[in-house]
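Here's a quick briefing to skim before you load the coordinates into anything. Have a look at the chain first, then we'll go topic by topic.

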Amino acid sequence: MIPVLYPANATTLSTFGLGVLTDTISCEITEERNGVFECLLKYPVSGQHYGLITKECIVKAKPNDTAADQAFRIYRITKPLNGIVTIYGQHISYDLANVPVLPFSTESRSPQLILSQILSGDTRFTGWTDYSDAKAFSVKQPKSVRACLGGTEGSMLSQWHGEFEWDNFTVKFHSHRGQKTGVVIEYGKNLTAWEQDEDNSGVYTALLPYAVYTSEGAENETVVTLPEVTLPIVTSEIARSKTLILDFSDQFAENASITEEALRAKANSYIKANPLGTTIPTVKVSFEPLWKQPEYSALLERVNLCDTVTIRHSQLGVSVSAMVIETVYDTLAERYKSISLGQSKSSMITTISEVQSSVDKVESTVGRFPKLLQSAIGKATGLITGQSGGYVVIHTTEENGQPYELLILDTPSIDDAVNVWRWNVGGLGFSHNGYNGPYETAITADGQIVADFITSGSLVANIIKAGVIQSQDGSSYWDLESGEVVIRAYVSTDEFAEKTAYLQQNVDGLNSYVATLTKTMESVSNDHGILEERLRSSESKVSQLQHTVDGLSVTMQEQYIGGINYVQNSSGLNGITDDWGYSGTVRTDASTDTQNNTISDSCFVLGAYSSLSQYIRGVVPGTYTISARAKKTSTMSGYFYVTYNGNKTKYLFNKSTAFEWTDYSVTLTDVTDPTLRIYCYCRDASIYLADIMITEGAIPRKWTPAPNEIYTQEVKIDKRGIEVSNSASSQRTVITNAEFAGYYNDEVIFTLNKDETQTKKTTVDGELTVGKTKFVPMPTASDGLNIVILD
C-alpha cells in the first residue's frame, strides 16, 4: 500500500486527501503490545507532494496484514543533506494524551461505561471492550485520557489488565487481543532471519526481603528482616551467588506492625509470581508470509500482534511457542520486516507507573535516614577541616561558619606553611612563599592560566601569542617578531633525487591513464554515432513502410522503434542496484548461455526462496505492456507478476514446471494509478530473468534500456552518474552526485569533495604554493629547494 497524506484536521480517511505519496522510498510501522505504535517514512525532497508534508499532518498507512489502514499524525521531520527526509508519526490515538479527564469516582461500574466516560472529552473517539465485570474506579486528580487508560496507578489497564488495540478513532480494550493461530515459522520453510536475545540480568539465586515501619507512639523506625536472612530461589542458570534485595514496606498497611511470618509470606508469594530464577528469551524473526504465495493462497493462517506462534530451528535445536510482542511492517511491500516474540518490553503503558513507583520508593527511603546522613556529613567535615591532625584546612567565616576557602599545606599550621595550595571562588593557586603568596602557578576564575611551563600532547587554540616557535631540539624555528624561518633539511640530496624520479614515474602513469580515458570516451562517441546512424536508417525504413502500406504503418513503427522502458537497470547490467528490492539470494549473470539467449547479454538469477521487485512510479493513465524473457530450472513454483491500480494483479507466468528461455508478456488496458510494481519469486532452484520492459501501448517491444542509461563493458551511465573503467589496468573513474574519484584496484587514488582534493600520491612539476608558503625547486636538483614566505 502507498501512504496517503491528509490535512491535520481530517477525520474521514476514505478519500485521497492531499495526495497519494507515490514517491515514498520506505514506510515502516512499528507496534508493540500495549506500547509504541508509530510510523517511520522516508520521502525525497524532489517528491511531488514534499511541499505539503508538514508537522501535524496525517499519514494513512497499512500497519499489518489484516488491520484496516491507520492514521498517524506527523510530529517530527528531519532534513539531512542527502535530499531524503525522515518523517516520524504517532498513531492518531496519541491525540488522547492531550485530552484532560477531571476527577470522578464510582463504587461499581462496568468497564464499557467507564471507557465511554473517559473518552467523552473528545467526540472523535469511541470505545469498546469485551470485559463485563464491574469494579470500583476513580480518577483522584486531573489526568489525560491516555493516562487513565494505562500508565498510572488505578488506570483501566492496572485494574483489568488486558491488551489495547488502537483502530483509528476506536479504542478497543481486549481481555485477550491475540489467539493461538497454529502458525509455524520454521527454518527451511519460511524463516528468513533469526535473532534470539537472552538476558540473565534479572536472574537471582536468593531474595533478601525487608520492611520498615514505625510503631504507634515511637520515634524511630523498625527494620524487619528474616532470621534466615534470605530465601532461596531455584535456578541452574548461574553458579555465583546473586541476591535480590527488595523492600516490601508498601505491601503492608500504613503504621501496621509487621511480623517476620507476614514478611516471609509476602516474599514467598513474590517468588511464585515472578520468574526470578529463569531467563525468558526474546526472539526476533523475519519470515516469508506463505499466505501471499499463489500455491498457499487457501491458507487461513495469519500473524498479528499478541498472537501465539511456534518457531522451529532444527539446526539450533530450538522449538519455541511464544506471544508476538512487537511487529515491524513494511507498508510498501505489504509484509512483515520482523516480529518479536517473548516477554513484553517496557512500554508507555507500564513504564510511567513503574517510574512513579520508583520515585515514591526513593522519597520514602531518603526520608528514613536523615540522622544517618547528618552523622556522615559531620564526620566527613571533621576529617577535611584537619580536626584529626591532617594538613587540609577549610576556612570558614566568623559570622555564620560557612566555608569559603580550601587550603592544602605542607605543615599543620598556616603560619608555618611554605608550600601552599589555595582554592577559593577566585581560582586555584600554588605558592612557594607561604599563605600570602605570591602565587606563581594559578588558574583564575576569569579563564587565565599562569605557569612557567605547559606540557601538552596537542594544543588547540584560536590565537597563540609567542615570540619564537621552535622544534624541541632547536634546529628549526620561526621568529614571529623578525619573520625569520629556519627549517632543517629532512632529506638528503640522493634521497630527494630518488623521490623525484618516483614522482615522475607516477606522472607518466597518470598521463597514460588519461590517454586511456580519452580513447575510451572516443570509443563511446563512435558508438553514439553508430546508434544515430541506425536510428536514421530505422526512420527511413518506417517512412518507406508508411508509403507502401498505410494500414500497417503504426503497427510497424511501434514494433521496430520501440518505446520508453520504465524499468530501471532492467536486466542487471549495473548489478543489483537500489532500484530493486530483493530477499534471499539474487545475483546477475552474463554467461555464454545468457548472452546467446538475451538481447541485453545479462540477466538476474534468483536462488531458492528468493524474490526481486521494483516500483515504477510516475506512469500516466493508459495502456501498458510488460514483457520479459525467463528460464526456470526446477519443478517447484515460480512466478512473475505486475500489480497496478492499487490491488490488481496480472501474471506473466506462474508455473511449477521447468522451462527454457521463453518470452512472456501481459498487457494492462486500464492503468489509472501512477504506480506499478513488478515482482518475481522463486521457491526452489533458480529463475533467470532478463530483458524486462514496461512500455506504453498494447504490443511487446524489443528490449532497450531506460532513458539516460548506457551500459557497456567499460562505460556505465545512468541516473546515478558515470563510471568509466579499464579492466586491463584495474583503473576506473567515478563521477556521481556523491563523489568524483579515481580508483586503482578498488582503492581510492584521488577524490574531489567540495573545496578539498585528496590524493594518495602527488607529483608537482614546478612551484608548489601552500597557503602563504611557496616551495621553489632550484634549477639543479642537487642544489635543493627554496622556501618562500609570502606576504
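How many contacts beyond four places in sequence does the model have for residues 344–359, where pLDDT stays under 50? There are 25 of them. Keep in mind that this is a predicted model, with a mean pLDDT of 79 for the protein. The chain has 791 residues, and 36% of them count as buried.

**Confidence**

- Across the protein, 76% of the residues reach a pLDDT of 70 or more.
- Residues 344–359 don't get there: pLDDT stays under 50 over that stretch, even with the 25 contacts mentioned above.
- Residues 296–300 also stay under 50, and for these the model has six contacts beyond four places in sequence.

**Overall build**

- The secondary structure adds up to nine helices and 53 strands.
- Take the contacts between residues at least 6 apart in sequence: 58% of those join residues at least 24 apart.
- The accessible surface is about 45,200 Å², and carbon and sulfur atoms account for 52% of that.

**Nonpolar cores**

- As background, nonpolar side chains in soluble globular proteins tend to be buried together.
- Here, the largest nonpolar core holds 51 residues. The residues with the most contacts inside that core are Leu41, Ile118, Phe137, Val145, Leu149, Met156 and Val171.
- Met156 is a handy one to click on: leaving out neighbours within four places in sequence, Met156 is in contact with Pro111, Ile114, Leu115, Ile118, Phe137, Cys148, Leu149, His161 and Phe173.
- There's also a second, separate core of 31 residues, and its members include Val586, Tyr624, Tyr664 and Leu668.

**Two buried strand residues**

- Cys603 sits in strand 36, which covers residues 603–606. Cys603 counts as buried because its relative accessibility is 0%, and the cut-off for buried is under 20%.
- Not counting residues up to four places away in sequence, Cys603 touches Ser571, Arg587, Thr588, Asp589, Thr594, Trp661, Tyr688, Leu689 and Ala690.
- Cys603 and Leu573 are 30 residues apart along the chain, with 7.6 Å between their C-alpha atoms.
- Tyr681 is in strand 42, residues 675–682, and counts as buried at 3% relative accessibility.
- From Tyr681 to Gly607 it's 74 residues in sequence, but 9.2 Å in space, C-alpha to C-alpha.

**Salt bridges**

- Searching the whole structure turns up 16 salt bridges.
- One of them pairs the side chains of Glu31 and Arg177, at 3.1 Å from N to O. This pair links distant parts of the chain, 146 residues apart: Glu31 is in strand 3 (residues 26–32), while Arg177 is in the loop between strand 14 (170–174) and strand 15 (180–186).
- Buried or exposed: which is Glu31? Glu31 is buried, with a relative accessible area of 3%. Its partner Arg177 is buried too, at 18%.
- Arg264 and Glu228 also meet through their side chains, at 3.0 Å from N to O. Arg264 belongs to helix 4 (residues 260–273), and Glu228 to the loop between strand 18 (222–224) and strand 19 (231–232), which puts the two 36 residues apart.
- Arg264 is partly exposed, with a relative accessible area of 24%, and Glu228 is partly exposed as well, at 36%.
- Asp167 and Lys172 form another salt bridge, at 3.4 Å from N to O. Asp167 is partly exposed at 22% relative accessible area, and Lys172 counts as partly exposed at 23%.
- There's a network too: salt bridges link Glu56, Arg73, Asp95, Asp122 and Arg124.

**Nonpolar surface patch**

- Ile722, Ile735, Phe740 and Leu752 make a nonpolar patch on the surface, about 300 Å² in area.
- Ile722 is found in strand 46, residues 721–726.
- Why can Ile722 take part in a surface patch? Patch residues need over 30% relative accessible area, and Ile722 qualifies on that count because its relative accessible area is 34%, making it partly exposed.

Conventions. Residues are numbered from 1 along each chain as its sequence is written. This is a predicted model: local features need pLDDT of at least 70, side-chain atom pairs count only at pLDDT 80 or more; totals for chains, interfaces and linings use all residues. Side-chain values use heavy atoms; hydrogens and water are left out. Patches are made of residues with over 30% relative accessible area and no salt bridge: like charges are joined within 9 Å, nonpolar side chains (Val, Leu, Ile, Met, Phe, Trp, Tyr) within 5 Å. Accessible areas come from the Shrake-Rupley method with a 1.4 Å probe; for residues, only the protein chains shown count as cover. A salt bridge is a side-chain nitrogen of Lys or Arg within 4 Å of a carboxyl oxygen of Asp or Glu. Helices (H or I, at least four residues) and strands (E, at least two) are DSSP runs, numbered from the N terminus. Buried means under 20% relative accessible area, exposed over 50%, partly exposed in between (1.4 Å probe, protein chains only). pLDDT is the predictor's confidence in each residue, from 0 to 100. Contact means heavy atoms within 4.5 Å. A nonpolar core is a set of buried Ala, Val, Leu, Ile, Met, Phe, Trp, Tyr and Cys residues joined through side-chain atoms within 4.5 Å.
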